[in-house]
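Subject: Structure handover

Hi,

Here is the structure I promised to pass on to you. Have a look at it first, and then read on for my notes.

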Amino acid sequence: TKYVYDFAEGNKDLKDLLGGKGANLAEMTNIGLPVPPGFTITTEACRAYLTDGQQPDGLRAEIADHLTRLEAGIGRRLGDPTDPLLVSVRSGAKFSMPGMMETVLNVGLNDESVHGLATQSGSERFAWDSYRRLIQMFGKIVLGIDPERFDGALEDKKRARGSDSDLDLTTDDFRTLVAAYKKIVRDSTGRDFPQEPAEQMSQAIRAVFESWNAERAILYRRQERIPADLGTAVNIVAMVFGNLGMDSGTGVAFTRDPASGAQGIYGDYLQNAQGEDVVAGIRNTVPLERLADIDRGSYDQLLDIMATLERHYRDLCDIEFTIERGKLWMLQTRVGKRTAAAAYVIANQLVDEGMIDLDEAVRRVNGAQLAQLMFPRFDTEAKRERLARGMNASPGAAVGKVVFDSYTAVKWSRSGEKVILVRRETNPDDLNGMIAAEGILTSRGGKTSHAAVVARGMGKTCVCGAEELDVDTKGRRLTTRDGLVVEEGDVLSIDGSNGMVYRGEVPVVSSPVVEYFEGRHEPTGVEADVLVKAVHRIMTRADEVRCLGVRANADTPEDAARARRFGAQGVGLCRTEHMFLGDRRQHVERLILADTDTERESALSALLPLQRDDFVGIFTAMNGLPVTVRLLDPPLHEFLPDITELSVRVALAEARGDANENDLRLLQAVHKLHEQNPMLGLRGVRLGLVIPGLFTMQVRAIAEAAAKCRADGGNPHAEIMIPLVGTVQELEIIRAEAEAVLAEVSRESGADLHCLIGTMIELPRAALTAGQIAGAAEFFSFGTNDLTQTVWGFSRDDVEAAFFSAYLEKGIFGVSPFETLDVDGVGRLVRLATEEGRAARPELKVGVCGEHGGDPDSVHFFHQVGLDYVSCSPFRVPVARLEAGRAAL
Ligand code: ADP
Ligand code: MG
Ligand code: MG
């Protein structure tokens, strides 16, 4: 196996093997951009190391070989005492994990080569600065020493100089700092800082391999659903120096605004600095435009390179660069993370610019982003108390109680509080708190700061760099420029779309994207229009190419109407249980308590007109489109009083001696109907078979409603769906009864009321006998919620809280099977039932009506299986439309 690739040997498509950073360093090298020479150790080597606990055979020799070639090319040897080559040892996995993994700079410096570096560069100060940086990073990352110890020593030096900037430190300061750092290493590890350059390099490589399994990296992967077994590549890159003086520096940039998608120059630059300094916020960076004044030549070249990269990748790129004494070096690029809105806007812009076609634009956005864009915004009309303004790092409207540390954020959010995490700036240790928080607010750092990058990745609202705020983490308070104080627990509202920070709770309104779907978007000529136009164009294309129909789960005329505006092509699931609640409970109680046919019929006939009116409303809202009505499904106890409450009431009444006859009978009935496992008990088709007249009443209500709509000039398309069928016999009995009622109402009304009669497939036995069931069903609708419960033997209401987090932690599944369809198990039954059902009845219509119908990954699976439609909640209809389109491309 080949474990090491020179930059010239790789390319951008080798991310699996070389990681994102390595693949793109190779790509930039090959398109002729100024990248310092280097090589990449593959993720395969990392996987082997992590499995076996030692480097695979041959790796050492291969690295030595590439290092020799690197040295020969540059004409310097690693750590040479008179003229040292220095390298960085950089992690870089397939998926970017900002700030999660480790990098060591200036490898190759030691007590002797530091003099060589000083002579060659002509700057003692620079050489000692670089050396102390090496010991600091090596100490933290490779030796696991608490970084605060190094930071403390550095702060002491600055304080002694009476300055808060590292720029004021002298050569002597750095020299004594090196001595202090070496002592820290010795004290903490019992060993000296390794002087041998080759030893430094191989230890650093090992540390990078191991950083794959650092706790925060594991947490980040789980959050971002990145597989746990990919491993990281390691890049060995010749060092270039941004800390060689004021004509040197380092920066980061985006080719377009990652927050809005607007074209322009977005980035930060820091003079006389190295690597991490820009994002670590040690000094205030300047906006990239300022580089034009500092170093015009490098600036022009940088813009040129940015244009080249955009053309080459046909997408927004982010970059890291360093200027060494007026010479520009590219250190990293990748297709940049962006906000949901920017994803749409940029894809649309690139189509306009002729860089990509519309299908590619559809591929480049996704349903999760669309869902984000449908979140509410702050009401601009509402009264608001402005506290500060920072940068709009990641959009959204977040309201919550202020907390100043990750631990409290997690603790409070666990107890149900919404929190805003406020930090001066965040670092990877804040990840837990960022996940728990509604939004993140920092007082320092730009759009490329840790907080901004991570929040965008998570789709969390973030305002960063609100410099008007003085954040006192220890004192748990922040102070505005005007002296207003906000304490822990006070409520703040932050707007990630414009960077505003408000005191108190600001009311929210719906997003422009929702307004657009609702048909209410008024062109205003501003940012929202650009977004709406992009969404419209992409959605239109998705609708053109998709094969899957999209319906909605809607139980009321209002929901049905909204779903229709959102593009639903019918109702795939109209639950009828709410038609038995509220005032109607009394009829249900009578039905359940009925001793005679007359009593039962009287209760049913009270329910009939009520249900008929419900259906008229829904059929009207969905006029011309199919409405699948599911006959009553839940266990009866859900309609009866709570057993404890009723028992107490009866007991009290008895004690008073005025027990109510009806309550006594009700209590008996409740006891009788009590089930150990109601979800596997008397429900669904079983109710229809056991309670005479119940289902036929519902069918009659459907048929009469259809007849009424028809008479009023409407065009209703009712479909009748029988839940929880396990065997074809159940369905045959109910079907025969339903057909009789349909024929009867047809006769009475003079209209032909034929409607499709089908079943839910939500029990394994139904799926396994789908061929037989199709004999009595004109359609199947997979109830994937129940099917998941019954296939796994999970009770959804119980297990999620009880042990899913443990399952997720142990990696048993990466995501709950109730969220994304379990393709291997439940999906296999879906496929089998679809095939066998269609074999028995070629015109069988097949859809899905569980939560999974609106889940992006699951939609792609249903497309593959060749279902006719998915049905999901109205709000997710646009997401399903988009993902169905993406699946078809
Ligand atoms: P991350 O993945 O966290 O961004 P990087 O490997 O990109 O880590 O490195 C951290 C910082 O060090 C970046 O700012 C990068 O540009 C800088 N850096 C990495 N290698 C070199 C090098 N060879 N010369 C100069 N700076 C470097
Ligand atoms: Mg980087
Ligand atoms: Mg069900």
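Below is what I found, starting with the overall layout and ending with the annotated sites.

Please keep in mind that this is a predicted model.

**Domains**

The domain assignment splits the protein into domain 1 (4-238), domain 2 (249-335), domain 3 (340-371 + 513-537), domain 4 (375-509) and domain 5 (546-635 + 675-888). Between the centres of domain 2 and domain 5, taken over C-alpha atoms, there are 55 Å.

**Ligand 1**

Where does ligand 1 lie with respect to the domains? Both domain 1 and domain 2 contribute residues to its shell, so ligand 1 lies between them. The shell holds 16 residues, and the closest are Ser-88, Arg-90, Thr-103, Gly-275 and Leu-331. At least two shell residues come from each of the strands β5 (87-93), β6 (103-107), β7 (232-238), β11 (317-324) and β12 (327-335). By character, seven of the shell residues are nonpolar, six are polar and three are charged.

**Helix α5**

Helix α5 covers residues 124-142. Its 19 residues should span 27 Å at 1.5 Å a residue, and the end C-alpha atoms are 26 Å apart, which agrees. Of those 19 residues, 16 are buried, so the helix is largely enclosed by the rest of the structure. After α5 comes Gly-144, which has a positive phi near 70 degrees.

**Annotated binding sites**

An unreviewed UniProt entry carries a "binding site" annotation that covers Arg-575, Arg-630, Glu-762, Gly-783, Thr-784, Asn-785 and Asp-786. Arg-575 sits in the loop between β27 (571-574) and α22 (585-593). With 18 C-beta neighbours inside 10 Å, Arg-575 falls short of the 20 needed to be buried and therefore counts as partly exposed. Beyond its neighbours within four places in sequence, Arg-575 is in contact with Asp-555 and Arg-630.

UniProt also lists Glu-762 and Asp-786 under "binding site", again from an unreviewed entry. They span 25 residues in sequence, yet their C-alpha atoms are no more than 5.4 Å apart, so they gather at one spot.

Are these two buried or exposed? Glu-762 is buried, with 26 other C-beta atoms within 10 Å, and Asp-786 is buried too, with 22. Glu-762 belongs to the loop between β30 (756-761) and α29 (764-768), whereas Asp-786 is part of helix α31 (residues 784-792). Not counting residues up to four places away in sequence, Glu-762 touches Leu-724, Gly-783, Asp-786, Leu-787 and Thr-790.

Best wishes

Note on methods: Residues numbered from 1 in each chain as written. Chains lettered and ligands numbered in written order. Predicted model: local features only at pLDDT ≥ 70, side-chain atom pairs only at ≥ 80, totals over all residues. UniProt positions renumbered as here; feature names shortened; annotations may be inferred. Helix = DSSP H or I, 4+ residues; strand = E, 2+ residues; numbered from the N terminus. Buried ≥ 20, exposed ≤ 12 C-beta atoms within 10 Å, placed from the backbone. Contact = placed C-beta atoms within 7 Å. Near = placed C-beta within 6 Å. Nonpolar A, V, L, I, M, F, W, Y, C, P; charged D, E, K, R; others polar. Domains from an automatic or database assignment. Expected span 1.5 Å × (residues − 1).
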